[in-house]
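Work through the exercises below with the structure open. Each one sets a task and then solves it step by step.

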Amino acid sequence: MFKKGQSATAYLFLAPFLITTLVFFFYAFGRAIYYSFTDFNLFNTPHLIGLKPYVDVLGDSLFRRALANTLVFAVIVTTLQTILSLLMAVALNNKIKGMGFFRSAWYMPSITSSVVITLIFLWLFQRRGVANYVITQLQMYQPYILTVMGVLIVVQIVQVLFERSRQMPAGWFDPALAAVSALIAVAVTVVLAFMGILQARDVPPFDFQYFADVWLSIGGVQVLSIPLLVIIIQNTFTTIPTLMLFFLAGLQNIPGTLYEAADIDGATPFEKLMNVTVPMLRPVTFYVITVGLIGTMQMFDQVAVIGAAAPQSTLITLAYYVYINTFKAGTAPVNMAAAGAIILALIILVMVFIQRRFFPSEASV
Amino acid sequence: MRNQLMLGLLLLAAASTQAAAQTTIKINGYAGQDPAIVGDLINRFVKPALAKDKINVTYEPLQGDYNQQLTTLLAAGNAGDVFYLPAETLDGFVATGKILPLNGVVQTGPYIKSLNTAFTRGGKVYAIAKDFNTLAVEYNKDLFDEAKVPYPSNTDTWTSLQTKLTNVKKALGNDYSGICLAPDYARMGQFAFAAGWKPFDSKGKTNLLDPAFVRAFNYFTGLAKNKVGIQPSEISQDWSGGCLGTGKVAVAIEGNWIVGFLKDNAPNLKYGSALIPKDDKTGKRGNFVYTVGWAINAGTKNKAAATKVLNILTSPQVQQYVLEQGLAIPSRTSLSNNAFLKKTDAGAANSKAIFDGAADGVVRPYYFGTQGPDWIKPINTALAAVLSGQKSSADALKQAQAEMNTFQNR
């Protein structure tokens with residue numbers, strides 16, 4: 001492959017990457033495996049003690065909580081972000097005026113630091129944060145909102161029935177009629193408000209604590225905590241745009257003739273999505289799911305930023321478990337942290353293997 | 001020209017040998033206000049005293065979580081020669097073998113005994129208390145005046161204080177609160193000590209279902225009833241001192257650290273300080289003593305110089321200066337009669353209440369036990385759950401005890 005002397009040059013150029021990989025991956029990985037079988041506490045000389053750290057880790061209820069949280073988080077976020085980013089890519093693949101603006105605007109969350117976004121979310125979901133404020137406002141102005149909605153629906157029904165009585169083909173969601181209905185609804189609400197019939201309700205501020213020890217349970221088993229749900233929303237929000245980019249690139253490679261053929265066969269947009277776009281994007285989807293799973297299984301930064309603002313058990317993930325067991329005050333159970341890290345690596349390996357086994361990526365085309 | 005060059009070289013050589021003879025002692029401590037304070041002490045006291053010994057002293061604050069940072073530095077062998085050592089995490093650091101036992105190195109006699117005890121393990125003293133703090137009731141005088149309720153006083157009991165808070169709330173209405181209650185063992189445990197609870201039994205286990213603990217827990221969380229007490233988060237504050245600073249909350253239970261905060265953030269707030277109220281049943285007060293010590297790195301290459309620096313930083317002159325600047329409460333017994341503590345301004349009155357708090361009733365060090373800071377988490381979670389009304393006290397404590405058992409059986 002190389003001429004004489006060329007391979008040395010190649011290795012020279014590769015050296016920076018090879019050396020960092022050797023030191024920070026292979027050497028570190030080897031050390032972690034070694035520590036996971038010793039009694040290392042950061043300050044002593046490690047002695048091999050066999051599988052005890054693994055037994056300790058598996059017997060630690062905090063580790064089991066971290067494992068459950070991580071799996072729940074990975075499954076939900078990967079599913080949500082894959083589906084939503086695909087839909088977003090399809091939406092942004094249309095030829096609309098100002099598409100460049102939308103594409104860059106929607107990409108913004110991905111290039112913003114996750115620490116910054118986490119802090120913003122922490123503020124949004126404070127007890128006196130924007131989320132609770134919006135809910136309070138909605139409750140206060142509920143009479144107005146219900147009036148608008150009610151009048152709109154009634155007027156729409158009346159209009160459609162009227163049109164149909166004149167033998168016109170009017171659908172229930174006919175946009176032209178809906179616009180008229182909306183105008184009438186707003187007008188009625190304004191009139192009622194001026195007459196003093198409609199008034200804002202006096203409600204106490206909505207006071208929900210998002211970062212508290214509250215769980216969604218299934219059959220008495222705590223499955224998902226509210227603080228983790230906030231992180232799920234945040235993480236999905238920030239990762240969608242990156243994945244959307246992959247899908248957008250994939251969409252460019254789907255021949256337009258397939259859609260034309262589908263049009264001729266009379267396919268609806270939904271059928272085109274399910275029967276043309278999704279199968280054609282299969283290799284991209286495989287990649288997106290793999291990247292998503294690995295990324296979510298290793299989620300750490302959001303939990304670290306929220307830190308003590310939420311009870312530990314509601315947020316702890318495997319990566320965070322490894323971290324808190326390494327950096328404590330003085331001696332620390334580094335052997336348990338290493339064992340936890342190895343278990344995390346094994347789980348990711350198994351997940352990717354299963355995915356490769358059952359969802360082959362090269363099935364398409 | 002040539003001679004000048006030779007002279008210059010000679011001078012340079014002389015300067016470099018002098019620099020080589022210079023010993024540098026590195027001190028690690030907290031960030032925040034400490035770099036300014038310790039820097040001032042170093043310039044005022046340490047450097048003049050050590051100039052002839054050719055000892056230079058530098059202060060390097062550790063940003064972020066101090067315990068984690070110090071752990072990393074100690075493990076890597078880069079920690080300072082002298083550093084702060086918090087009493088609550090002493091065990092973990094002693095276990096590293098990197099803390100120099102001070103027996104026979106430093107005289108411990110002149111320091112308050114309970115503070116020495118806080119830094120003693122197995123008969124060895126590992127640090128000298130830099131200063132200390134306890135808790136006191138800090139109250140907003142204007143709010144009590146406006147509500148026509150008598151100020152909290154040193155004779156208050158749990159019930160009489162609660163009555164005063166309830167009356168303030170009743171008189172001032174919705175925009176005001178009686179007290180800010182942070183869901184934190186560090187602000188609630190003193191009531192449990194007063195009720196007779198011991199954090200660790202003879203086997204080192206913690207019982208949160210002990211009737212004494214339950215009674216104190218219920219008193220503390222009961223203060224939140226009818227919005228008499230609120231959590232700092234409810235008014236967008238992150239500690240109860242911040243609540244007091246808003247002028248909308250009548251009482252905060254905090255330490256001497258609140259003085260500097262109020263001076264900077266609420267300079268016009270008129271406040272007073274009283275001792276923590278007594279438990280009606282036992283007739284005793286409880287209190288925490290928070291302390292940070294000066295320790296010496298066992299791996300230091302300049303043990304003699306480090307010892308000199310430590311001795312100056314804990315000397316009577318330095319402690320008197322720190323006290324009179326209103327920065328901290330001294331750890332030397334000889335300063336308990338200092339004129340500063342008899343002054344009547346709010347800051348000095350606070351120092352007096354904090355100083356007296358250390359010797360009145362059941363006073364225990366703020367301490368997590370041998371397993372480190374995670375020990376308080378079950379308690380804090382239970383406090384948060386009850387204060388925000390998500391759980392009943394009985395349920396929350398039952399869960400906390402279960403978590404505590406798992407933690408302590410690790």
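**Exercise 1. Find the bridge partner of Ser217(A) in S2(A), and describe the turn between the two strands.**

Step 1. Ser217(A) has Gln222(A) as its bridge partner in S2(A). Strands, like helices, are DSSP runs numbered from the N terminus, a strand (E) having at least two residues and a helix (H or I) at least four.

Step 2. Strand S1 (residues 215–218) and strand S2 (residues 221–225) of chain A run antiparallel and are joined by four bridges. Two strands count as paired if DSSP finds at least two bridges between them.

Step 3. The hairpin made by S1(A) and S2(A) leaves two residues between the strands, and in this turn Gly219(A) has a positive phi of about 60°.

The model is predicted: local features need pLDDT of at least 70, side-chain atom pairs count only at pLDDT 80 or more, and totals for chains, interfaces and linings use all residues. Residues are numbered from 1 along each chain as its sequence is written, while chains are lettered from A and ligands numbered from 1 in the order in which they are written.

**Exercise 2. State the confidence of the model, for each chain and for the whole.**

Step 1. Chain A has a mean pLDDT (the predictor's confidence in each residue, from 0 to 100) of 87, and 97% of its residues reach 70 or more.

Step 2. Within chain A, helix H1 (residues 6–35) has the highest confidence, at 92, and helix H4 (residues 99–111) the lowest, at a mean of 81.

Step 3. For chain B the average is 89, with 95% of the residues scoring at least 70.

Step 4. The scores of the model are ipTM 0.74 and pTM 0.79. Where pLDDT is low, the predicted coordinates should not be read in detail.

**Exercise 3. Give the strand order of the five-stranded open sheet in chain B and say which strands stand at the edges.**

Step 1. The order is S9-S8-S10-S7-S11, with mixed pairing.

Step 2. The edges are strand S9 (229–230) and strand S11 (271–274) of chain B; each has a single partner strand, so one side of each is left without a neighbour in the sheet.

Step 3. S11(B) is joined by four bridges to strand S7 (residues 136–140) of chain B, and the two run antiparallel. Within this pair, Asn140(B) has Tyr271(B) as its bridge partner.

**Exercise 4. Two residues other than glycine, one in each chain, have a positive phi: locate Gln167(A) and Lys148(B), and decide whether each is buried or exposed.**

Step 1. A residue is buried if 20 or more other C-beta atoms lie within 10 Å of its own, exposed if 12 or fewer, and partly exposed in between, with C-beta atoms placed from the backbone.

Step 2. Gln167(A) has a phi near 65°. It belongs to the loop between helix H7 (142–165) and helix H8 (175–194) of chain A. With 6 other C-beta atoms within 10 Å, Gln167(A) is exposed.

Step 3. Lys148(B) has a phi of about 55°. Its loop runs between helix H6 (141–147) and helix H7 (158–172) of chain B. Lys148(B) is exposed, having 9 other C-beta atoms within 10 Å.

**Exercise 5. Describe the surroundings of Cys243(B).**

Step 1. Cys243(B) is part of helix H10 (residues 240–246) of chain B.

Step 2. Cys243(B) is buried, because 28 other C-beta atoms lie within 10 Å.

Step 3. Leaving aside neighbours within four places in sequence, the contacts of Cys243(B) (C-beta atoms, placed from the backbone, within 7 Å) include Cys180(B), Pro232(B) and Val249(B).

**Exercise 6. Which residues touch the most other members of the largest nonpolar core?**

Step 1. A nonpolar core is a set of buried Ala, Val, Leu, Ile, Met, Phe, Trp, Tyr and Cys residues joined through C-beta atoms within 7 Å.

Step 2. The largest core has 165 residues, and Leu85(B) and Tyr126(B) touch the most other members. Helix H16 (residues 334–358) of chain A gives the largest share, eight residues.

Step 3. Beyond its neighbours within four places in sequence, Leu85(B) is in contact with residues including Phe93(B), Tyr126(B) and Val292(B).

**Exercise 7. How many residues of each chain are in contact with the other?**

Solution. 17 residues of chain A are in contact with 25 residues of chain B.

Terms used. Contact = placed C-beta atoms within 7 Å.
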